[in-house]
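Student: Hi, I'd like to go through this model with you. Could you show it to me?
Tutor: Sure, here it is.

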Amino acid sequence: MSRIGVFICHCGENISRTVDVERVAAEVGKMPGVSFSTDYKYMCSDPGQNLLKNAIQEQKLTHIVVAACSPRMHEKTFRKAVEAAGLNPYLCEMANIREHCSWVHENKEEATVKATEIVGMMVERVKKNRVLPTITVPVTKRSLVIGGGIAGIQAALDIADCGHEVVLVEREPSIGGHMAQLSETFPTLDCSQCIMTPKMVDVANHPKIKLYTYSEIELVEGYIGNFQVTIKKKARSVDEDRCTGCGVCMTKCPQKKIPNKFDQNIGMRTAIYVPFPQAVPNTPVIDRDNCTWYKTGKCGVCQKVCGPGAVDFEQQDQLVVEPVGAIVVATGFDLYTIDEKPKGSPIKGYGEFGHGKIPDVIDGMTFERLASASGPTGGKILRPSDGKEPKQIVFIQCIGSRAREKGISYCSKVCCMYTAKHTMLYHHKVHDGQAYVFFMDARTPGKSYDEFWRRSIEEEEAVYIRGMVSRLYQKGDKIVVMGSDIAVGVQVEIEADMVVLATAIQPQKGAELLAQKLGISYDKYNFYSEAHAKLRPVECATAGIYLAGACQGPKDIPETVSQASAAAAKVMTLFSKDQLEREPIVARVKESGCVGCFACKKVCAYGAVEEKEIRDRQGNLIKTVAFVNPGVCAGCGTCQATCPSKSVELDGYTDEQVIAMIEAL
Amino acid sequence: MQPTKQNTFEPKIIAFVCTWCTYAGADLAGTSRMQYPSNVRVLKFPCTGRIDPVFILKAFQQGADGVLVSGCHPGDCHYIAGNFHARRRFAVFRKLLEFVGVDLNRLQFSWVSAAEGGKWVEVVTDLTEKVRSMGPMTEFKELAMEEQWSGAINTPELQEAYNSI
Amino acid sequence: MEKPLNYSYYPGCSLHASAGEYDLSTRELFKALNIQLTEIPDWFCCGATPAHNVDELLSLSLCAKNLELADQIEGDVAVACAACFSRLKTAQHVLGESAVKRKQVEKALDAPLKLDGNVKHLLEILAKDFGLERLAAAVNKPLTGLKVACYYGCLLTRPTDVPNLDCVEAPTIMEKVIEAVGATTVPWTHRMECCGANFTLSRPGVVIQLTGAVLDSAKAAGADCIMVGCPLCHGNLDIRQKEIEGVYNVQYGLPVFYLTQLVGLSVGLGSDKLGMDAMIVNPTPLLREKNLL
Amino acid sequence: MTQPIDTSIYAAITEAIQAEAHRILAEGEVTAIVGYAAARRKGSAQPIIITDAADSVKLIFTPACVNNLAVYLTKAKKDIPKNGKIGIVVKGCDLKALSGLMGESQLKREELYLIGVPCAGVLASTVCPDQELTGDSIAPKCTECDAHLPTGCDFVPAETLVTPELERKYAVEIARLEALTPAERWVYWKEQFAKCIKCYACRQVCPFCFCEQCLCDRNKPQMVDTTPRPAGNTAWHIVRAMHLAGRCAGCAECERVCPMDIPLNLLNRKMAKELKELYNHEAGFEVLDKGPLNMFTEKDDQSFIK
Amino acid sequence: MKKKKMIISQETMDVDFVRKVEALSGTSVRRCFQCGKCSAGCPMATFMEHPPNRVVRLLQLGQWQRILAGRSIWYCASCETCSTRCPNKVHLASIMDALRKLSWDAEGASKESYVQLANKLFLQNIRTYGRQYEMRLAAVFNVKSGQFLKDLMLGPKLLAKGKLKMFHSKNKNMSEIEKIFSRIEAMRKNGEAL
């Protein structure tokens, strides 16, 4: 027989003003099973909690109902108090008589009746509550980092420096990501390569980092602490162990006119290539689509010139399985283009800017490659169309960003700063040129950021014009920019030699596919969703998976690095214990009733349901039933509602508890 | 929840809600001190995906005059897709109830997010008003009162015999 | 008895013309307080607003010339007119900052610059050099019950870091001085709004609007009178007051005193020595009412 | 309207079944065959399980072969791995049930030998089994049949069917009920459910009611009223219809076995109709990974949700 | 002019002019980020066609013709409120001084004549007499501006109060002032000063 204790909180006057708490306590005291019932001014206060603890011990209470505020507010508080008094915390329930009663009703009689009924429901419910032990899950202390840009590199180094193995997977032939493409970085204008390459080399040399480049995530199974990740190593056609990185193959390759993606397609590369000279690993890849051998079966020059015999035309894609306990997703971003988009696409291009068909209208990343000393022009700012140095250069901010009509309403955050940087780089390289910037707002919240922006205007003589550009069109070898200066209130027209667009930051192509493999959620733009925008900005809702960098939303380098280190810290927190503890609100299968239709498995969004064979002592299969992995189960209970025989039950929300509540009405 | 005044019928409304969105939305209505009829009793679930159609049936059998099922907007589910499963389940279940003769005006489904305290108030108030104007849900209550009788009581003799039991 | 204070005195053009009572009352007051004023011989116009408006170099040169003349006399430079004060201070500031302009001015004057003289407005001399306590001690007839609206106008404090007379946005020096001699001050909104002096000749319509707003504010704050430290402000507030009353069909009746007039009154100087009869808005009824005559 | 239906090929089908059954039993391909045999009443048929090739002559196919034999497999499924592959005679409607069961992991295709029969229809349970098959005497479910010829079986006799277009009896009745007010429908179903004696024959005969412990038999908690009284009966039939929604293959065995003649298949057909309209789902021969209520699309109808 | 489309290029942006303004005013024009605080506090903004912030904006774009064609710079009261309150330390009052100076140097200067006339007469007075004589200034202004009756009511009253002195004495060292004027003129001629 249960001995239920009921504690009615006044919440100062928040509850007692509209609910006659004493009457509720008296009424509830008469309910069967209730052996103690009282009211108190502030149940959540220390004296209130002590009252609860003492009552549990003195009255030998077995179940507790606290009628107070929303359980979302104080359920943890009271469960802790109950635990401190020696009861299982899950034998305590809260009745919400504040948010759902006293605050929303004025009539005292009605509110009191309602409060009594709410408490009565919870009394019936708590009778059916069971002791739930905390669940522990073993943790594999290895982590996977997806993406080898600055975010992935930072996270991998941080975790590895703490002594835990890291598997770093990068889709491209080299790590480095977008940051490796940049010429200089704001707000200090130090060269991106100079600060980036040492970190890349650290990754390559770190004994705790296992690097997979030119590889993709194929499959993710398991759950927090216990993931099994299948990685597809795409065929490189070059044996990584044999290759010395001498580069002879690349100098001899006859296919030399392949646009290099790393140089935004303005520079050329060979068919066997490393994307850029400082690539890590410095092992070339054969681009099979453009290689003469693969197209015609003839050539093979690279193989002939390769001393160590590393070129292997027969190489196949390989699948590798890595067990890890935590995953950091750092897949970065892609840049929006103004090109015409397919019909029906939620994102639109800029027809008014020529849909990307005007050759000297380029994007910011292309400008970075032009400005980069190791870029295709050797750091000279030259127009793609005729190789002339532009003397009138127009930068336009917020291309795609903050443009609801184009399908993107967010701010891409980094463009104001990088455009300011571009004007400076331009001014340093083309002394007799003039840079103009069309902008709506200059958003420069960051250490030394506004000063940087002001410098571009005050010292580097960029002319900023507040107002958006309506249209661009080619006129002879000039591009006519039709804008307006809203501070003056007149239209502005500039005949520019080159136009640079600060295009929006978008998630990587296929970001949603990776999310589906990982079982993490993403927003309508395919940016990955954090568990809580403010308080859990680094974690995914899916346990054991963390976010770093622009895959979550637009970020600059310092912010990306901070988040990467934060993600690493979260991984370390997980790895700091051998076992992971979690709330025992999970589904359990009653094997006796289960007939193995696996409807539960079909509806489980987390893949928590497995098939389990039941055998007799002789090893004969009796039946196959469902099994819920408590490490993966998130506790939604969809399985239970789906199960025809109700052979799976969600602890804490069992049918018994629910029916008891309905019957109490 | 007996009628508080004579000649006025106060319906009993049961709400099955998910904890992340609608329960939080109802909390918000509270913290914002919005006012709504006191007829509703809230049962909290982790997710609308946990809500079994049988609960709705059970609620009507237990004397509910109206039932509300409410959860997260599509795409907002804390458990990825629980509300999508619930949406199908209830789309079919309400058709079944309608076919056996339950007036669907008594059964409301809604999406109320944690930020929609106002919508919670609106949904609860609307349902309460609607059900109040419809009068009590008598169908299941009458069934519970009836004795077993094999076949229709469609002759005076049977009626007499039935009444005598 | 302390050593008497010595100043070279730069009255400025207005004090030799429309603001004669300011000059008179200044000399009389300082005599009464035993402060020595020696008028700079053959001083020139400082150029005032028109000069800097269109020819900064001329403006700087004229001011530098005057400072050179003042350098012949012992003591800091005492300035009564806020505009002259502002010009002299600005010239010191600009020439201190810009070597190029300093060279140009030296060439214009054909002499090395002597900019060291400390330029002080009368307010500063009374409040700081002479001191508020001494001032209070010198009072014979405290201005008890007189509610004064202290009007700073533009040029006494602005811009930042140039006159350095007091806080640039919320000065209190005038209030301190006049409270020291027993008057009450009123808080009001237009203490530092422009009266439009620059347009008094060319665009009187502008002056009427701007000065009207100042008078409105002083009246609304319940002031009995306005106190100024600038002959240009005085010109607009006093001389044009009747005209403004006519344009807006209101009655102000606010006598506009120079600070030296009011302080002089408190130390016991007669109205003849303060040039009260030169004021367009007759102060006599007010002063009678307050038992100050 | 007495529309005759041609069942002349049934004799040839019977012969073909017998030959095939003999072969697979003799060759040991299967250990047992579930089929139909003649029963004692003239023209009637009953299920039979044969394990001996010699017994294959007992197998028949006539308009009286109405039973859905799939139900025997769900009850016997545990023994199949022990005893070996089972052969089964299936009409189109029965095959749909088998496909559904395979989708729900109850049966494995490789454990079955399917002998499909082309079927023009079977007799209604309300007529004598020796009657001719006509538009009147045909089982109501056969008026809506879209699966006369089972496909994907291991063996189907090569006979050509002639199937006339008949009035869809359930569709007509559903339309009639839908036109009523909720209150009128409530009266109708109250009368129907009141007849129920909770014999659970409907549950027993249904291939999909394979739960080892039915929800409606549980008493801790008692989610569904179990008493054989109107309230409990109504609850049972609603829960039954809901649990079969998206699964029922339409064999109408529930309705056939109901001793109180409750039109149980009406509820099932209504659910099937809704699932077709809402999610374009129909029971078929294809084995589905997920039933319509175990899946979703983001664009599912939500016009009923505020 | 005010609404005409602005064609911007290195040719149309007169950087030299801007440099002159910066040299004369001793303040940076580029520094302004168009917050509008100057215009917000300007007592004369309502009289101007280009509020102070826009004057700076046009200057940033080197569009001095647009500024000088308007009356805005002549309606500046030199109250220094803008300079005092500018969050960016742009000394706008000095920029206005510089613009007025350059306006007198430039061709096709502003239509605004009364303020310019007053300024011209004021400077002439200084050159001639070394000091300012208000009576003479006012009288000549009224004659030259054709407003013979302007402030007629004030005259006698001021005379009676001794505020307008009919006679005045010349400074003894008048040659000094003439020298200053002529040296400045000479410097300008020689390009030693702006």
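Student: Which residues have the most contacts inside the largest nonpolar core?
Tutor: This is a predicted model. In it, A:Ala67, A:Val119 and C:Met227 have the most contacts inside the largest nonpolar core. That core has 530 residues.

Student: Okay, and what is C:Met227 in contact with, leaving aside its neighbours within four places in sequence?
Tutor: With that set aside, C:Met227 is in contact with C:Val148, C:Cys150, C:Tyr151, C:Met174, C:Ile178, C:Phe257, C:Leu259 and C:Leu262. As a general point, nonpolar side chains in soluble globular proteins tend to be buried together.

Student: Staying in chain C, how many residues of helix α9 are buried?
Tutor: Nine of the nine residues in α9 of chain C, which covers 231-239, are buried, and the helix is mostly covered. The buried residues include C:His234, C:Asn236 and C:Asp238, along with C:Leu232, C:Leu237 and C:Ile239.

Student: New topic: chain E. How many helices and strands are there?
Tutor: Chain E has ten helices and one strand. From the N terminus on, the strand leads and the helices follow, giving β-α-α-α-α-α-α-α-α-α-α.

Student: What does the C-alpha trace of chain E span along its principal axes?
Tutor: The trace of chain E spans about 55 × 40 × 30 Å. Chain E has 194 residues, and buried ones make up 44% of them.

Student: And which domains is chain E divided into?
Tutor: Chain E is divided into domain 1, residues 15-105, and domain 2, residues 114-189. Their C-alpha centres lie 28 Å apart.

Student: What about contacts within chain E: what percentage comes from residues 24 or more positions apart?
Tutor: Such pairs account for 65% of the contacts in chain E with a separation of 6 or more.

Student: Back to that one strand. Which sheet has β1(E) in its order?
Tutor: β1(E) belongs to an open sheet of four strands, in the order β24(A)-β25(A)-β26(A)-β1(E), with mixed pairing. The edge strands are β24 of chain A (471-475) and β1 of chain E (6-8), each pairing on one side only. From one strand to the next, the twist averages 25°.

Student: How do β24(A) and β25(A) pair, parallel or antiparallel?
Tutor: β24(A) and β25(A) pair in the antiparallel sense, over five bridges. Within β25(A), A:Met482 is the bridge partner of A:Arg471. In general, strands of a sheet pair through backbone hydrogen bonds.

Student: Now the interfaces. How many residues do chain E and chain C put into their contact?
Tutor: Chain E puts in 51 residues and chain C puts in 47. On the side of chain E that touches chain C, the elements giving two or more residues are α5, α6, α7, α8, α9 and α10 of chain E. α7(E) gives the most, with eight residues.

Student: And by class, what is on that side of chain E?
Tutor: The side of chain E that touches chain C has 26 nonpolar, eleven polar and 14 charged residues.

Student: Last one: how many residues of chain D are in contact with chain B?
Tutor: 39 residues of chain D are in contact with 40 residues of chain B. On the chain D side, α7, α9 and α11 of chain D each supply at least two residues. The largest share there, eight residues, comes from α9(D). By class, the side of chain D that touches chain B divides into 26 nonpolar, two polar and eleven charged residues.

Conventions. Residues are numbered from 1 along each chain as its sequence is written. Chains are lettered from A and ligands numbered from 1 in the order in which they are written. This is a predicted model: local features need pLDDT of at least 70, side-chain atom pairs count only at pLDDT 80 or more; totals for chains, interfaces and linings use all residues. A residue is buried if 20 or more other C-beta atoms lie within 10 Å of its own, exposed if 12 or fewer, and partly exposed in between; C-beta atoms are placed from the backbone. A nonpolar core is a set of buried Ala, Val, Leu, Ile, Met, Phe, Trp, Tyr and Cys residues joined through C-beta atoms within 7 Å. Two residues are in contact if their C-beta atoms, placed from the backbone, lie within 7 Å. Domain bounds come from an automatic or database domain assignment. Ala, Val, Leu, Ile, Met, Phe, Trp, Tyr, Cys and Pro count as nonpolar, Asp, Glu, Lys and Arg as charged, and the others, Gly among them, as polar. Two strands pair if DSSP finds at least two bridges between them. Axes are lines fitted to C-alpha atoms, for helices over the stretch in contact, and angles run from 0 to 180 degrees between N-to-C directions.
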